Amino acid sequence: MDDKRLSSPSRHEAKALQLVLGDLAKNIEDNSKVLKTVVKKLETDQSRVGEEIRRTECVEVEIMFKFLGIGNIDTVKQVFHAEVFYQARWKEPALGNLRKSELVNVAWGDMWDPKITIANIEGELTTDEQWKTLKLTNDDEYWIQSRRRFKGVFVEHLELKDFPCDVQDLSITIMSERSPSEVVLIEDRDQISKLNNDNFLDHHEWHLYAHVELSAEMPCLKPGYINKIRHSQMVATCRVSRRPWYYFWNMVLVTFLLLTLSLCSFAIPKPAAYLRLSNTLTLLLTLVAFKFTLNNSLPTISYLTYLDMYLLIGMLYLGFVTYVHASMLYFVPDEDYELYVVLGLVCFLVLFHVGYFIYIVTGTSMAKRRMVAKDREYFRRINLKRSTATMITTSPRLYRY
């Protein structure tokens, strides 16, 4: 009786254990199938990492830029800060074979990409956002729009010959890592590049022009020709002109006063010519100190700026006056000699300053007039685009993911 009571629970426990083991074996089998699928997927994805998607034809990629903000233009370091948005778009024939339901989840990794990078960035980007959209045109053609918004510090080699009345280019250069036989970067045919003048931070020192100019740089493909540009590039340029009044009031005007004060040394009696010499040397050393102050505002360059020329000619003038006073230590000139020297120095100062300012105005006004003409042409293009857009009644369909 007792044996039967003991054997009955044992059979129930064995049956329950058998069911648990069966479920465990089934779970292990299911998990093994899942693991095999995952491993196979990983192997497939890993094999695609080194596989580069190529197209047989050369693809035209249209570029449009927007300068969202510009500031901190550093003349010494030759860099500037900017926040920029650009759009690169190209036709994608492979999307024409897909159904609209399949366009909801486009595998961008399986699509062709021009591999665009920024060429003149210094260091790392502060912010960088990238996304892609699809655009269906009225001709039932699918375009991929790759959009990027970034912020950082960019290198710009400044031409400072006209300093402090100079006009400078501020450029962003993008480049395709693909060969020029695969990609050609061109300006967008439908959209005009723009800039936001309200977010320009250096308006107290610079004047920002309204136009944005895009220029494509392509390597020469002639046999046997070697060119430094090995990839298709697009350069987006906006331009600024320096406001020169700070340097005129603090450098040119003070230097002019120092030069005219040298004439006051002739009021010292002739027998005390050594005092004249002392005063003129003091003025010369003061002007040398001004020259060192100017050097702190400019990078190391191998040519003279307009302001360098002014200060150097001023130092040569004071040096000549010093030689005149030194000569009086050896002989005492008559009254007419000293009068002729003073009149000659006055005439030199007048003619030099008149000629200097005429030279600056004629040399720099031409460049600024060109910039104003570019602004007019830019606004004309915008008005033409707007008038053309009003004639289009059907708008393209846009898919964003």
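User: Let me start with one residue. Where in the chain is N120?

Analyst: N120 sits in a loop, the one between strand 3 and strand 4 (121-136). Keep in mind that the model is predicted.

User: Is N120 buried or exposed?

Analyst: Use the cut-off here: a residue counts as buried when its relative accessible area is under 20%. N120 has 13%, so it is buried.

User: Which backbone atoms does the side chain of N120 reach?

Analyst: There are two to look at in turn. The backbone oxygen of S171 lies 2.8 Å from the N120 side chain. A polar atom of that side chain is also 3.1 Å from the backbone nitrogen of T173.

User: With which residues is N120 in contact, leaving aside neighbours within four places in sequence?

Analyst: N120 touches V153, F154 and V155, and it also touches S171, I172 and T173. Now place those numbers. Strand 5 covers 142-155. Strand 6 covers residues 167-176.

User: Next, the sheet. What is the order of the four strands?

Analyst: Read the order from one edge to the other. Here it is 3-6-10-9, in an open sheet with antiparallel pairing. The edges are strand 3 (116-118) and strand 9 (206-217), and each of them pairs on one side only. Direction ignored, neighbouring strands are turned by 25 degrees against each other on average.

User: How many bridges join strand 6 to strand 10?

Analyst: Nine, with strand 6 (residues 167-176) and strand 10 (residues 233-242) running antiparallel. Check the register with two pairs. L170 stands opposite C238, and I172 stands opposite A236. The numbers rise on one strand and fall on the other, as you would read from an antiparallel pair.

User: And on the other side of strand 10, what joins it to strand 9?

Analyst: Nine bridges again, also antiparallel. One of the pairs is E213 with T237 as its bridge partner in strand 10.

User: Why is strand 10 described as largely enclosed by the rest of the structure?

Analyst: Because ten of its ten residues are buried. Look at the two faces separately. Q233, V235, T237, R239 and S241 are buried on one side. M234, A236, C238, V240 and R242 are buried on the other. Both faces of strand 10 are covered.

User: How should I read a nonpolar core?

Analyst: In soluble globular proteins, nonpolar side chains tend to be buried together. In this chain, the largest nonpolar core has 40 residues. V61, I63, F65, F67 and I70 touch the most other members. Strand 1 (residues 59-74) gives the most to this core: seven residues. Another core lies apart from it, with 34 residues, including L158, L284, V324 and L345.

User: Which residues does F67 touch, not counting those up to four places away in sequence?

Analyst: Its list includes L170, I172, A236 and C238. You met these four above as strand 6 and strand 10 pairs. F67 also touches E83, V84, K194, L195, N196 and V212.

User: What about backbone angles? Which residues should catch my eye?

Analyst: Most residues other than glycine have a negative phi, and most peptide bonds are trans. Q78 is not a glycine, yet its phi is positive, at about 55 degrees. Q78 lies in the loop between strand 1 and strand 2 (79-91). Its relative accessibility is 18%, so Q78 counts as buried. K115 has a positive phi of about 55 degrees as well, and is not a glycine either. K115 is in the loop between strand 2 and strand 3. With a relative accessible area of 31%, K115 is partly exposed.

User: Where is there a cis peptide bond?

Analyst: Between F163 and P164, where omega is about 10 degrees. P164 belongs to the loop between strand 5 and strand 6.

User: Finally, the whole chain. How many helices and strands does it have?

Analyst: Five helices and eleven strands. Of the 401 residues, 39% are buried. Among contacts with a separation of 6 or more, 78% join residues 24 or more positions apart. The accessible surface is about 24300 Å², and carbon and sulfur atoms hold 59% of it.

Note on methods
Residues are numbered from 1 along each chain as its sequence is written. This is a predicted model: local features need pLDDT of at least 70, side-chain atom pairs count only at pLDDT 80 or more; totals for chains, interfaces and linings use all residues. Side-chain values use heavy atoms; hydrogens and water are left out. Two strands pair if DSSP finds at least two bridges between them. Helices (H or I, at least four residues) and strands (E, at least two) are DSSP runs, numbered from the N terminus. Axes are lines fitted to C-alpha atoms, for helices over the stretch in contact, and angles run from 0 to 180 degrees between N-to-C directions. Buried means under 20% relative accessible area, exposed over 50%, partly exposed in between (1.4 Å probe, protein chains only). A polar contact is a pair of N or O atoms within 3.5 Å; within protein, one must be able to donate a hydrogen and the other to accept it, and residues adjacent in sequence count only if both atoms are side-chain atoms. Contact means heavy atoms within 4.5 Å. Accessible areas come from the Shrake-Rupley method with a 1.4 Å probe; for residues, only the protein chains shown count as cover. A nonpolar core is a set of buried Ala, Val, Leu, Ile, Met, Phe, Trp, Tyr and Cys residues joined through side-chain atoms within 4.5 Å.
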